[in-house]
Amino acid sequence: MNSHTVVTDSSTAAALALQQVRLQRGRTQVFDGLSLQLHEPRIGLIGDNGAGKTSLLRLLCGLEVPDSGQVLSQGQDLHAAGAQRARWVGMMFQNPDDQIIFPTVVEELALGLQPQGLKKKEAKAQALQFLQNRGLQDWADRAVTSLSQGQRQHVCWLALLLAGPRSLLLDEPFASLDLPGQARLARDIAQTAQQVIVSTHLLEHVRNFSRVIWLEQGRVLADGAGSTVCAAYEASVRARVAAMDS
């Protein structure tokens with residue numbers, strides 16, 4: 001058996017996991033032996049800019065390959081999964097323009113169904129039905145370029161929901177949304193059956209999560225109930241700002 005092969009009972013394995021992951025970019029050591037078991041249905045990632053939140057999400061969806069260590073989805077090596085990976089995990093980028101490919105909303109949503117083996121016509125029909133179910137049928141043929149930043153972000157979320165991977169990774173999903181948009185997304189996150197991992201600076205959206213991880217320079221500073229970890233991070237920020245003013 002290959003020494004890198006992991007055999008795990010998928011019924012008990014974490015939805016996502018990192019085992020002794022090291023990641024370096026140029027001279028910067030992003031992670032140095034990071035291990036995490038990500039079981040919970042809702043997990044928040046918080047911390048300053050540059051703490052490693054986006055890098056962690058990119059590792060978890062296969063966009064980054066660790067220099068050493070493993071990234072697992074229900075005990076299976078994520079980076080050895082090939083096309084199957086799209087069924088396991090999907091990511092919504094902070095900037096929707098880095099993600100959207102097709103010119104119209106319905107085409108963009110249909111794209112996410114292709115890994116399921118649907119033909120283009122079948123995928124478009126499912127995408128149209130999905131939009132109708134959400135009262136957004138008028139969006140179907142709208143040009144993506146005609147949408148606001150927040151609306152394009154919403155399209156990315158809808159595409160991820162429709163594709164239906166078992167773990168959804170959201171990188172600063174609330175940043176470009178107005179208050180109604182934030183409320184709709186928070187409601188969707190609460191209602192979806194899949195695991196959702198959210199990186200955000202807007203702590204109110206993860207404060208009630210059962211688990212929040214505070215990252216600092218690629219290390220875990222705190223890991224626990226959302227209310228506790230968010231309060232600790234806020235106290236740290238207040239202390240740092242006070243030290244600058246003194």
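This report describes the annotated domain, the nonpolar cores and the two largest pockets of a predicted model.

**The annotated domain**

An unreviewed UniProt entry places the feature "domain: ABC transporter" at residues 16-242. In the model, this span is 34% helix and 26% strand. The C-alpha atoms at its two ends lie 38 Å apart.

**The nonpolar cores**

The largest nonpolar core has 42 residues. Within this core, the residues with the most contacts are Ile46, Leu109, Trp157, Leu170, Ile189 and Val198. Several helices and strands give two or more residues each to the core. The helices are α3 (105-111), α4 (120-133), α5 (149-163), α6 (179-191) and α7 (226-245); the strands are β7 (167-171), β8 (195-199) and β9 (211-216). Of these elements, α5 gives the most, with eight residues.

Leu170 offers a view of how such contacts are arranged around one residue. When residues up to four places away in sequence are not counted, Leu170 touches Leu57, Met92, Trp157, Leu160, Ile189, Val196, Ile197, Val198 and Ser199. A second core, separate from the largest, has 28 residues. Val30, Leu36, Leu56 and Met91 are included in this second core.

**The two largest pockets**

The table sets out the volume of each pocket and the classes of the residues that line it.

| Pocket | Volume | Nonpolar lining | Polar lining | Charged lining |
|---|---|---|---|---|
| Largest pocket | About 640 Å³ | 15 residues | six residues | four residues |
| Second largest pocket | About 250 Å³ | two residues | 12 residues | four residues |

The largest pocket is lined by 25 residues. Ala86, Gly90, Met91, Gln99 and Leu160 are the lining residues that lie nearest its centre. The elements α2 (85-88), β6 (89-92), α3 and α5 give two or more residues each to this lining. The largest share, four residues, comes from α5, the helix that also gives the most residues to the largest nonpolar core. Two residues named above appear here again: Met91 belongs to the second core, and Leu160 is among the residues that Leu170 touches.

The second largest pocket is lined by 18 residues. Those nearest its centre are Asn49, Gly50, Ala51, Gly52 and Lys53. At least two residues of this lining are supplied by β2 (28-38), and at least two by α1 (53-60). Its lining has 12 polar residues and two nonpolar residues, whereas that of the largest pocket has six polar residues and 15 nonpolar residues.

Methods:
Residues numbered from 1 in each chain as written. Predicted model: local features only at pLDDT ≥ 70, side-chain atom pairs only at ≥ 80, totals over all residues. Heavy atoms only, no water. UniProt positions renumbered as here; feature names shortened; annotations may be inferred. Core = buried A, V, L, I, M, F, W, Y, C linked by side-chain atoms within 4.5 Å. Buried < 20%, exposed > 50% of the residue type's maximum accessible area, 1.4 Å probe, protein only. Contact = heavy atoms within 4.5 Å. 1 Å grid on protein atoms, 1.4 Å probe; cavity = no way out; pocket = protein on both sides within 12 Å on 5 of 7 lines; lining within 4 Å. Points joined across faces, edges and corners; volume = space filled by probe spheres on them. Nonpolar A, V, L, I, M, F, W, Y, C, P; charged D, E, K, R; others polar.
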